[in-house]
Each structure stands twice: as structure tokens, then as C-alpha cells.
Amino acid sequence: MAAPGAAGAAALVQYVVLRGDLARSWPLGAVVAQACHAVLAAAHAHGGHPDTAAYLELGGAMRTVVLEAPDEAALTVLAETLKQHSIDHQVWTEQPENVPTCLALRPYPKDQVHQHLKKFKLLK
């Protein structure tokens, strides 16, 4: 028998949206680092949220979806849309260049955020 709340925790997903233009022009390691920074920033900023705690408790069963925004403008529009709908997220801006590269939502039940992300394709 599953622990109370386990079904809800299993339904949690963390969405990460990387700029596709950078994924095709930057070294792979640099792009991966941007995603790592964004995810850690979101986990740190929203670590007190029960969904974040439940997600981290999942360990190897965590579900992360990495999507692609075509360019900086699309990433910026997405960030503004998420802000307008009070969806917790962090935009990672690479310094000293001051270039927004990636954003990560805190973990959410998919049905609460998917409508804002469905136009983005999986990163390839």
C-alpha cells in the first residue's frame, strides 16, 4: 500500500525550458550547466513549498521535462505569462553577459501548469 500522499507526489513534474538557439550554438556542457543552475535556483527559492519537498523526497522517481524555447524572446514571453498566472519559477540569467538562458518551474502537478507549456517541444 502506498504511503498517504504518494499518488499526489508521483504526479509532480518539474518543467525546465532551455533556449534552443543556445542549445545549438553553445557547447553541450555549457547548456546543461544552464539547466542545472535554473533547477537549483527554483528548488532553493521554493524549497519551502510542500510540492517541492514532496518532489525531492521522490529521489530517483523524480520526473523532469526539458522543453525548448526557440529564442530569448520566447523565453521572456513565457516568463511573463508564468508571472501573470502566479506560477512559481526562476529564470536563469548567465553573467556577466546578462543573457537569459533557461527557466525552471518549481515542481507542480502537471495539470496545473501544462497549459502554459504545451506549445513548447521537448528539447532535442
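This note goes through the model point by point, from confidence to cysteines.

1. **Confidence.** The model is predicted. Its mean pLDDT is 92, and 92% of the residues reach 70 or more. Residues 1-10 are the stretch to watch: their pLDDT is below 50. Beyond near neighbours in sequence, this stretch has three contacts in the model. Where pLDDT is low, the predicted coordinates should not be read in detail.

2. **The faces of helix α4.** Start with residues 50-57, which form α4. Which residues of this helix are buried? They are D51, T52 and Y55. Look down the axis of α4: the buried residues fall within an arc of 100°, so they line one face of the helix. P50 and E57 sit on the other side of α4, and they are exposed.

3. **What α4 packs against.** The buried residues of α4 have four packing partners to find in the structure. Two are strands β1 (12-19) and β2 (64-69). Another is helix α3 (28-45). Strand β5 (108-109) completes the list. After α4 comes G59, with a positive phi near 55°.

4. **Strand β4 and its cover.** Now turn to residues 99-105, strand β4. Six of its seven residues are buried, so the strand is mostly covered. In a regular strand the side chains alternate between the two faces of the sheet.

5. **The neighbours of β4.** β4 pairs with β3 and is also joined to β1. β1 and β4 run antiparallel, joined by three bridges. Here L18 stands opposite C102 of β4. β3 (residues 89-94) is also antiparallel to β4, and this pairing spans six bridges. On this side, V91 has L103 of β4 as its bridge partner.

6. **The hairpin.** β3 and β4 form a hairpin. Four residues lie between the two strands. One residue in the turn, N98, has a positive phi of about 60°.

7. **Cysteines.** How many disulfides does the model have? The count is zero. Take C36 and C102. For C36, the nearest cysteine sulfur is that of C102, 9.1 Å away. A disulfide needs the two sulfur atoms within 2.5 Å, so a pair at this distance does not count. C102 is likewise in no disulfide, and its nearest cysteine sulfur is that of C36. Is each one buried or exposed? C36 is partly exposed, with a relative accessible area of 42%. C102 is at 0% relative accessibility and counts as buried.

Notes. Residues are numbered from 1 along each chain as its sequence is written. This is a predicted model: local features need pLDDT of at least 70, side-chain atom pairs count only at pLDDT 80 or more; totals for chains, interfaces and linings use all residues. Side-chain values use heavy atoms; hydrogens and water are left out. Buried means under 20% relative accessible area, exposed over 50%, partly exposed in between (1.4 Å probe, protein chains only). The arc is that of the directions from the helix axis to the C-beta atoms. Contact means heavy atoms within 4.5 Å. pLDDT is the predictor's confidence in each residue, from 0 to 100. Two strands pair if DSSP finds at least two bridges between them.
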